[in-house]
Amino acid sequence: MTTPVTGPVLVLLDHAADGGLRQPVLELLTAARALGTVHGAWTADADGSDPDARTLELLGTYGVETVHRLDVGDADVRLTPVLAQGLTALVQSAGASVLLLTSSFENKEVAARVGLATGAGVVVDASAVEVADDRVVAAKTVFAGTWNTRCAVRTPLAVIALKAGSVQAEPAAERVTATVVAQAVTVDDGARRVRVTEHTERAASTRPDLAAAQVVVVGGRGTNGDFALLEELADVLGGAVGATRVATDEGWIGHDAQIGQTGVTVAPQLYIGAGVSGAVHHRGGMQSAGTIVAINNDPEAPIFEIADFGIVGDLFTVLPQATAELRRLKG
Amino acid sequence: MRIVVLVKHVPDIQSERALGPDGRVVRDGGDGTINELDENAVEAALLLVEQHGGEVVALTVGPADAVDAVRRALQLGADAGVHVLDDAIAGSDVFGTVAVLAAAVRRLGAETPVDLVVTGMAGLDGLTSLVPAALAAELDLPQLTLASELTVDATESGWTARVRRDLDHATEVLEATLPALVSVTDQANEPRYPNFKGIMAARKKPVEVLALADLGVGATTVGDAGARTEVVDAARRPTRENRILVTDDGDAGLRLAAYLVENKLV
Ligand SMILES: Cc1cc2nc3c(=O)[nH]c(=O)nc-3n(C[C@H](O)[C@H](O)[C@H](O)COP(=O)(O)OP(=O)(O)OC[C@H]3O[C@@H](n4cnc5c(N)ncnc54)[C@H](O)[C@@H]3O)c2cc1C
């Protein structure tokens, strides 16, 4: 049974430079509501800006009552040590019982540092979170998606990083009005010793975020660099395009598209891999997908061991045929 | 330049890995290996010392066979090894491990200052990626994590380390003056293989074995007693049922489309 935790649940409101909330934040807010009262942590940009009216309204729709606007002065909040110090102060001033973040590489570092500073138990890459027997319990899969575990936090504060796409985002039954409270935090010199000398935001794609997409179409070495075929299928399915390390190393697609143990972890409803052998490093990032489809001309390819629907065939004939048929069926 | 590189002994990623009833990784000793990503860390350290001079010390925390990871680093060219071995450490969570690692780095630094701590981006067993940032915080070192490129140059303010890194939404270049902590990805370099000379030389290299008492770390901060989380359930994921494997006879694309429609995946 789920009983709410005592203190608020503080959710890190990751947002793009233009102030738009990142997609997985709404999932975090949905998960947070089941745990207790929801507060948000908003990092002010260099100009100290608040979330805009539209974002505030959205946050209210998702049940956020209080938004703590974190102001770190002239420190660079993009640096995880800076953000971690700010969040540590917020967690303490809000008396939070849980800190929820999206499980990105940066946020995992933040989680580690907040855990160290506050003595909190930390679980990252979680796929679900609940309160059971008065403790925060997070579910996660380990060993390349071959094991399911549940992990209980023994400390009063739990820091949980949830994987994007694990929770279905749903607005609250009743909307509230989110109020912004400014929180100035002085960051110590230690957190400022790293200088950001270059920072290039990747151009936003019209496709869904890979980490949060419900459908992911993935190309490997077998595509020979022809990602247009994959993009067409992804477009019909409203999905994202991912790749193996071989494909990113070849420069066929950006490194940020790499799925696997050293790339993005995905858990979509549907994964379609074409020309992907299913090496264990890759499987680690996709094996918990709901349905796995594999197209490979080698019947011995390891990916067939985990595929729900495997096609032994040439991707250059199978993919266009599937795409055309899906287009036809959708009318 | 004195570099401490962290190496971890983990179950081979290619092998069948399992959790025991206590929620801990089953370490039957048989098919353990150095965490692959730590080979990138060792390589990064070796390259820097080849360029600027100095020494590389490989550090591991773990049970008896964990020394294999240190041995591997020595074969590749590290100069010395440290193995923190203590029964009380078993079952430690990330913070227990970090307390021990930090104490070991401090001890090394007390002998001769440590300029750089290099780690892999994650352990391929637990894969949490929490150690580098937590260790940097514990040691109060600037952190340059997830480096896909790493350079260190002599500058007016001392050594300056520079890393390029790819994040989910951006690419960054970060800089800090040493001492610092760096974690590297598998993009950072191509790890070398040990050669015969390296293997022979490694036999003569010192590996210092330390216990918690040598490091002044209390037994309550480590092990299961100090762990802030506990695994309450662990089960192998059920294998997929109703699997279909077809060989393309010219209509596999159509069958795929039908399958997706039938299973409400479009
Ligand atoms: C430390 C480390 C970390 C790594 N991390 C990752 C990671 O995060 N992600 C990752 O993906 N990899 C990672 N790798 C690499 C990984 O081990 C594999 O090398 C990689 O996943 C293989 O990619 P691939 O499947 O595209 O290529 P291959 O293994 O070469 O497979 C290509 C497949 O395409 C098939 N094929 C060829 N032509 C066709 C055709 N016309 N039609 C259909 N099928 C065809 C072939 O039969 C083959 O099975 C890592 C490796 C290391 C050492």
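## Close-up views of a predicted two-chain model with its ligand

**View 1. A nonpolar patch on the surface draws on both chains.** A:Leu329, B:Val261 and B:Val266 make up a nonpolar surface patch, and together they offer about 230 Å² of accessible area. As in every view here, you are looking at a predicted model. To find your way to the patch, follow helix α8 of chain A, which contains A:Leu329. The relative accessible area of A:Leu329 is 43%, so this leucine counts as partly exposed.

**View 2. The ligand sits in a site shared between chains.** Which chains contribute to the surroundings of the ligand? Residues of chains A and B surround the ligand, and therefore the site is shared between the two. The shell counts 28 residues, the closest being A:Arg221, A:Thr244, A:Gln258, A:Ser277 and A:Asn296. Several helices are worth picking out: α6 (245-249), α7 (280-283) and α8 (315-330) of chain A, along with α1 (36-52) of chain B, each provide at least two residues of the shell. Helix α8 of chain A is also the home of A:Leu329 from the first view. Sorted by character, the residues of the shell are 7 nonpolar, 15 polar and 6 charged.

**View 3. Side chains of chain A reach oxygen atoms of the ligand.** Start with A:Ser277, where an N or O atom of the side chain is 2.6 Å from an oxygen atom of the ligand. Next comes A:His281, with a polar side-chain atom 2.8 Å from a ligand oxygen. A:Asn296 likewise places a polar atom of its side chain 2.8 Å from an oxygen atom of the ligand. How much of the accessible area of the ligand does the protein cover? On its own the ligand has 990 Å² of accessible area, and the protein covers 81% of that.

**View 4. A salt bridge in chain A joins A:Arg22 and A:Glu201.** The structure holds 30 salt bridges over all chains, and this view shows one of them, between A:Arg22 and A:Glu201, with the closest N and O atoms 3.9 Å apart. The two partners come from distant parts of the chain, 179 residues apart: A:Arg22 belongs to the loop between β1 (9-12) and α1 (23-33) of chain A, while A:Glu201 belongs to strand β11 (residues 195-201) of chain A. Is each partner buried or partly exposed? A:Arg22 has a relative accessible area of 19% and is buried, whereas A:Glu201, at 38%, is partly exposed.

**View 5. A:Arg69 and A:Asp50 form another salt bridge in chain A.** The closest N and O atoms of A:Arg69 and A:Asp50 are 2.7 Å apart. A:Arg69 is part of strand β3 (residues 64-71) of chain A and A:Asp50 is in the loop between β2 (38-43) and α2 (53-61) of chain A, so the salt bridge ties together parts 19 residues apart in sequence. A:Arg69 counts as buried, its relative accessibility being 15%. Its partner A:Asp50 is partly exposed, with a relative accessible area of 38%.

**View 6. A salt bridge in chain B connects a helix and a strand.** B:Arg107 pairs with B:Glu208, and their closest N and O atoms are 3.2 Å apart. This pair also links distant parts of its chain: B:Arg107 lies in helix α3 (residues 94-111) of chain B and B:Glu208 in strand β12 (residues 207-210) of chain B, 101 residues apart. Both count as partly exposed, B:Arg107 at 32% relative accessibility and B:Glu208 at 30%. Elsewhere, salt bridges with shared partners join A:Arg135, A:Arg154, B:Asp224 and B:Glu230 into one network.

**View 7. A buried serine in chain A contacts the backbone.** Look for A:Ser97 in the loop between α3 (80-94) and β4 (98-102) of chain A. With 9% relative accessibility, this serine counts as buried. The side chain of A:Ser97 reaches the backbone nitrogen of A:Gly7 at 2.8 Å.

**View 8. B:Ala227 lies in a loop of chain B.** The loop runs between α7 (223-226) and β13 (229-236) of chain B. B:Ala227 is buried, with a relative accessible area of 8%. How far apart in space are B:Ala227 and B:Leu260? Their C-alpha atoms are 45 Å apart, with their positions 33 residues apart in sequence. For context, the C-alpha atoms of chain B fill a box of roughly 70 × 45 × 40 Å along the principal axes. Chain B has 8 helices and 14 strands, and 52% of its 266 residues count as buried.

How values were computed:
Residues numbered from 1 in each chain as written. Chains lettered and ligands numbered in written order. Predicted model: local features only at pLDDT ≥ 70, side-chain atom pairs only at ≥ 80, totals over all residues. Heavy atoms only, no water. Near = heavy atom within 4 Å. Polar contact = N/O pair within 3.5 Å; in protein donor to acceptor, adjacent residues only side chain to side chain. Areas by Shrake-Rupley, 256 points an atom, 1.4 Å probe, with all protein chains shown as cover. Helix = DSSP H or I, 4+ residues; strand = E, 2+ residues; numbered from the N terminus. Nonpolar A, V, L, I, M, F, W, Y, C, P; charged D, E, K, R; others polar. Patch = residues over 30% accessible without salt bridge, like charges linked within 9 Å, V, L, I, M, F, W, Y side chains within 5 Å. Salt bridge = Lys/Arg side-chain N within 4 Å of Asp/Glu carboxyl O. Buried < 20%, exposed > 50% of the residue type's maximum accessible area, 1.4 Å probe, protein only.
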